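Biologist: I'd like to learn how to read a structure like this one. Could you walk me through it, feature by feature?

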Protein chains: 2
Amino acid sequence: MSTNPGRSRSPLPRASALAERLRLLVLTDRDLAAPRPVAKVVDAALEAGCRAVQLRMKGASARELLAQAKDLRKRTHLHQALLFINDRVDVALAADADGVHLGPDDLPVQVVRDWVGSRLLIGYSTDDPDAAIAAERAGADYLGCGAVFGTTTKEVGDEAIGPLRLDEVARAVAIPVVGIGGITRANVTEVAATAASGAAVVGAVMSATDPGEAARALLASFRSR
Amino acid sequence: MSTNPGRSRSPLPRASALAERLRLLVLTDRDLAAPRPVAKVVDAALEAGCRAVQLRMKGASARELLAQAKDLRKRTHLHQALLFINDRVDVALAADADGVHLGPDDLPVQVVRDWVGSRLLIGYSTDDPDAAIAAERAGADYLGCGAVFGTTTKEVGDEAIGPLRLDEVARAVAIPVVGIGGITRANVTEVAATAASGAAVVGAVMSATDPGEAARALLASFRSR
């Protein structure tokens, strides 16, 4: 990884391979997936070519989170896809996930990096170029940047930053940056036109009538670059 | 520890020393401590002889939890007291706490033990003798058992199990067991009369007008055994 070239991380992707897998990062949401189980929607996205999944489960206990993470671990492994756990480093390690996604309210990137070494990839959320550089230096492997178009799922800031700011953040660092927030098949080309490596979505896949078709459409914009 | 005698854990207390420190385990509660900061109430308990504190902070982010844990870490160190973090193993490790307290909804004891080795003490909540034995075998260092007298703080089951059941659980295992749930200075002698090593309290200290005096009164029952 760019921030620590001496670190051995053979089973985990290098920056370019990581960027490739992050063309579409699907975040889970039980409520949006319902009445379908999250696993079913994730399977459809994986079969469509998605290679990165982030488990979020608001209000879930660690035990519930671990059970869901272990289930998604099997499914992601079948497709050589990465699995990230939101916020909880302990659950990520217990579930043998590839990484953890941290935000400003979570444990600091540096603290987690110092502690987990190369065992986990670390994602961090920011829409600020300086904070992006700081996170890269602290050991982040990729960044989520948004809300690009505003969002209703409250995973990122409410205010839309727009594709230009996303581009600015993506150009500020060497690690992959994915846009997040309100990205749909209608506007994903605007994300693909920036320096971002990919798009992170919640509703665009979780609440899609045909999640596989939705994932394919989102991936297509980045494949054609 | 009894479950794994070969494990080296020199900076952490052996079973008997652990039992001694667990005569009074004070659990934090921001709401009950208010308008006083939790740290002030904990300081009073530590000055009164309390040697074990468990950080709980409902609804707090990992970042808030870490800040509070680091603050309590300094305070507990000053009094050679143990610091446990509720539920979050990652925060416990990041804050250099002595241990983590797990319940049936948290990560399984065995999973955490396999992963953290001897770096953390592990507490587990149960009111069932068989589950107590299983937790001891899985690597728990102490148990919280209750609700002994029923409780309003919802940290443990609502139904009162009574001192006899506490005694039964404490006799089922070699590791220390602390009673929890509705324990006050009025009924703590009933807890001290069992095989339990101590009492875990929330309200009895957190909402006490004089937390130091409350802690002293609770400790006295176990000291005189």
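Modeller: Let's start with a salt bridge, and keep in mind that this is a predicted model. Asp87(B) pairs with Arg88(A) in a salt bridge, and their closest N and O atoms are 3.0 Å apart.

Biologist: How many salt bridges does the rule find across the interface of chain A and chain B?

Modeller: Two salt bridges turn up there. For polar contacts, the count between chain A and chain B is 15 residue pairs, with both residues at pLDDT 80 or more.

Biologist: Which elements of chain A give two or more residues to the side that touches chain B?

Modeller: Those are α4 (62-78), α5 (89-94) and α6 (109-116) of chain A. The most comes from α5(A), with five residues. If you sort the side of chain A that touches chain B by class, you get 11 nonpolar, two polar and seven charged residues.

Biologist: OK, and how do people put a size on an interface?

Modeller: Often they quote the accessible area that is lost when the parts come together. Here, chain A and chain B bury about 1700 Å² between them, and carbon and sulfur atoms give 59% of that. On the chain A side, Arg63(A), Leu107(A) and Trp115(A) supply 33% of the area that chain A buries against chain B, more than any other three residues. You can also count residues: 20 of chain A are in contact with 20 of chain B.

Biologist: Let's move on to chain A by itself. What does its secondary structure come to?

Modeller: Chain A has 11 helices and eight strands. Of its 225 residues, 59% count as buried. Chain A exposes about 9000 Å², with carbon and sulfur atoms supplying 49% of that area.

Biologist: And what about contacts between residues far along the sequence?

Modeller: Take the contacts in chain A with a separation of 6 or more: residues 24 or more positions apart account for 62% of them.

Biologist: Now a single residue, please. Where does Asn187(B) lie?

Modeller: Look in the loop between β7 (177-180) and α9 (188-192) of chain B.

Biologist: Is Asn187(B) buried or exposed?

Modeller: For this you need a cut-off: buried means under 20% relative accessible area. Asn187(B) has 11% relative accessibility, so Asn187(B) counts as buried.

Biologist: Which residues does Asn187(B) touch, leaving out those up to four places away in sequence?

Modeller: With those left out, Asn187(B) touches Phe149(B) and Gly182(B).

Note on methods:
Residues numbered from 1 in each chain as written. Chains lettered and ligands numbered in written order. Predicted model: local features only at pLDDT ≥ 70, side-chain atom pairs only at ≥ 80, totals over all residues. Heavy atoms only, no water. Contact = heavy atoms within 4.5 Å. Buried area = accessible area lost by both parts, 1.4 Å probe. Salt bridge = Lys/Arg side-chain N within 4 Å of Asp/Glu carboxyl O. Polar contact = N/O pair within 3.5 Å; in protein donor to acceptor, adjacent residues only side chain to side chain. Helix = DSSP H or I, 4+ residues; strand = E, 2+ residues; numbered from the N terminus. Nonpolar A, V, L, I, M, F, W, Y, C, P; charged D, E, K, R; others polar. Buried < 20%, exposed > 50% of the residue type's maximum accessible area, 1.4 Å probe, protein only. Areas by Shrake-Rupley, 256 points an atom, 1.4 Å probe, with all protein chains shown as cover.
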